[in-house]
Amino acid sequence: MEHGPVYKNPDSYCGPISMLMRMPDDELLIIFREAKWRGTVTHADPTTRASLLRSRDRGRSWFSHVSPDPAGGNGTSIARLSDGTLLASAFHWLYETSGRPAPQGGREIVPPTVLTGVFVTRSLTEGYTWEPAAHVPEPDGSSNMSCAGAILELPGGDLLLPLTARRAQMKNRDAVVMRSRDRGRSWGEPVCLTADADPELLWSETRLVLCPSGRILAMHRSDKGNYFRNISNDGGLTWSATEDTGIWCGGSSPPDLLRLADGRILLSRGHRRAPFGVRCNLSTDEGLTWGPDIILRDDASDRDVGYPSTIQFSDGALLTAYYWHGEDGIRHLQRTSWNLV
């Protein structure tokens with residue numbers, strides 16, 4: 001395994017979340033949350049925006065810094081459709097000033113209390129330029145909608161957007177998918193995946209993958225216990241019962257899902273209990289069971305690391321990018337280049 005930096009800026013807080021995407025010629029894109037570094041952990045900040053970089057040497061160097069969504073970059077994700085269109089999604093917070101002077105000058109920023117929703121933007125220029133981000137309307141009876149997973153294109157052309165939202169009179173949020181039949185211009189037909197699950201569990205950061213059989217596997221981060229899953233055999237119209245995968249989560253980070261060239265499914269995840277780091281697991285049966293841990297990193301100084309994203313190159317090699325920090329505390333992006341034995 002080879003470890004190295006992706007992007008570190010002493011003035012920037014980078015991640016979480018970041019997501020890799022491989023273009024057809026093995027060029028890489030990475031989209032991530034970037035905000036002002038204030039010397040402390042601030043997962044929400046009024047300077048938050050989505051940033052994007054690209055690499056043509058397998059992640060060793062990165063260039064062409066652009067912002068697909070300058071107004072917000074929480075829960076950033078990116079997908080490439082079969083026609084070459086890129087779609088990026090993120091959710092936004094509402095920030096206000098208190099009127100009191102801030103220690104560094106200006107006015108004090110009040111921590112965000114309102115989610116203003118999920119936004120999707122598109123690029124027809126391979127990520128060099130982006131259209132203004134468009135708001136995804138919340139379904140009737142839902143609120144506090146957020147996202148953290150890439151849009152999934154189905155064989156017939158429909159798109160699925162994984163979300164979490166609070167339903168009316170519910171304490172916690174559920175996992176939801178919404179459908180687009182016009183290449184992401186509009187969204188509707190919401191389906192709740194976790195309505196049958198323990199109402200005390202908090203679901204977030206749902207990810208989707210299309211399996212070789214046509215089955216869709218959805219996996220969710222939970223605030224305690226393990227990662228959970230649902231399965232759809234009809235293009236996301238209906239879903240199986242919410243089941244425990246047996247893989248520990250404990251609020252660690254999203255379950256990144258990648259379909260490998262040989263049909264196996266790779267799960268990449270942050271490991272937020274000692275030893276802290278990044279781990280992967282393989283499934284040969286489309287997510288029904290998982291193999292032992294593959295340890296990419298176990299040398300993190302504390303639990304505030306992870307949120308990995310993995311791509312596979314055309315020759316089978318793998319690259320995983322993730323949220324990291326060293327002794328200086330500056331949150332940045334690292335990578336591990338590796339191969340399956």
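What follows is a walk through the fold, the cores and a few unusual spots of this protein. The model is predicted, and every value below is computed from it.

To start with the overall build, the protein is made with 25 strands and zero helices. Its radius of gyration is 19 Å, close to the 20 Å that the globule rule gives for 341 residues, so the protein is as compact as a globular protein of that length. Put in a box along its principal axes, the set of C-alpha atoms takes up roughly 55 × 50 × 40 Å. Of the 341 residues, 58% count as buried. Long-range pairings matter to the contact tally too: among contacts with a separation of 6 or more, 50% come from residues 24 or more positions apart.

Turning to the outside, the accessible surface adds up to about 13800 Å², and carbon and sulfur atoms hold 51% of that. As for charge, there are 37 positive side chains and 41 negative ones. The centres of these two sets lie 2 Å apart.

Next comes the inside. The largest nonpolar core has 30 residues, and those touching the most other members are Ile78, Val118, Val136, Ile151 and Trp187. Several strands give two or more residues to this core, among them strand 2 (12–22), strand 3 (28–36), strand 6 (74–80) and strand 7 (86–101). Further along the chain, strand 8 (107–123), strand 10 (142–147), strand 12 (159–167) and strand 13 (173–180) also give two or more. Val118 offers a good look at how this plays out. Leaving aside neighbours within four places in sequence, Val118 is in contact with Ala90 and Phe91, with Ala134, His135 and Val136, with Met145, Ser146 and Cys147, and with Leu161 and Leu163. A second core, separate from the largest one, has 15 residues, including Ile30, Leu53, Ile311 and Phe313.

A few places in the backbone stand out. Most peptide bonds are trans, and most residues other than glycine have a negative phi. Against that background, the bond from Pro16 to Ile17 is cis, with omega near 20°, and Ile17 is part of strand 2. The bond from Ala274 to Pro275 is cis as well, with omega near -5°. Pro275 sits in a loop, the one between strand 20 (265–271) and strand 21 (277–283).

Two residues that are not glycines have a positive phi. For Arg183 the angle is about 65°, and this residue is in the loop between strand 13 and strand 14 (188–192). For Glu286 the angle is about 60°, and its loop runs between strand 21 and strand 22 (294–297). Buried or partly exposed: how do they fare? With a relative accessibility of 24%, Arg183 counts as partly exposed. Glu286 comes in at 13%, under the 20% cut-off, so Glu286 counts as buried.

Last, there is Gly141, in the loop between strand 9 (134–136) and strand 10. Its relative accessibility of 47% falls between the cut-offs of 20% and 50%, which means that Gly141 counts as partly exposed. Gly141 and Arg272 are 131 residues apart along the chain, and their C-alpha atoms are separated by 34 Å.

Note on methods: Residues are numbered from 1 along each chain as its sequence is written. This is a predicted model: local features need pLDDT of at least 70, side-chain atom pairs count only at pLDDT 80 or more; totals for chains, interfaces and linings use all residues. Side-chain values use heavy atoms; hydrogens and water are left out. Helices (H or I, at least four residues) and strands (E, at least two) are DSSP runs, numbered from the N terminus. The radius of gyration is taken over C-alpha atoms; the globule rule is 2.2 Å times the number of residues to the power 0.38. Buried means under 20% relative accessible area, exposed over 50%, partly exposed in between (1.4 Å probe, protein chains only). Contact means heavy atoms within 4.5 Å. Accessible areas come from the Shrake-Rupley method with a 1.4 Å probe; for residues, only the protein chains shown count as cover. Lys and Arg count as positive and Asp and Glu as negative; His and the chain ends are not counted. The place of a charge is taken as NZ of Lys, CZ of Arg, CG of Asp or CD of Glu. A nonpolar core is a set of buried Ala, Val, Leu, Ile, Met, Phe, Trp, Tyr and Cys residues joined through side-chain atoms within 4.5 Å.
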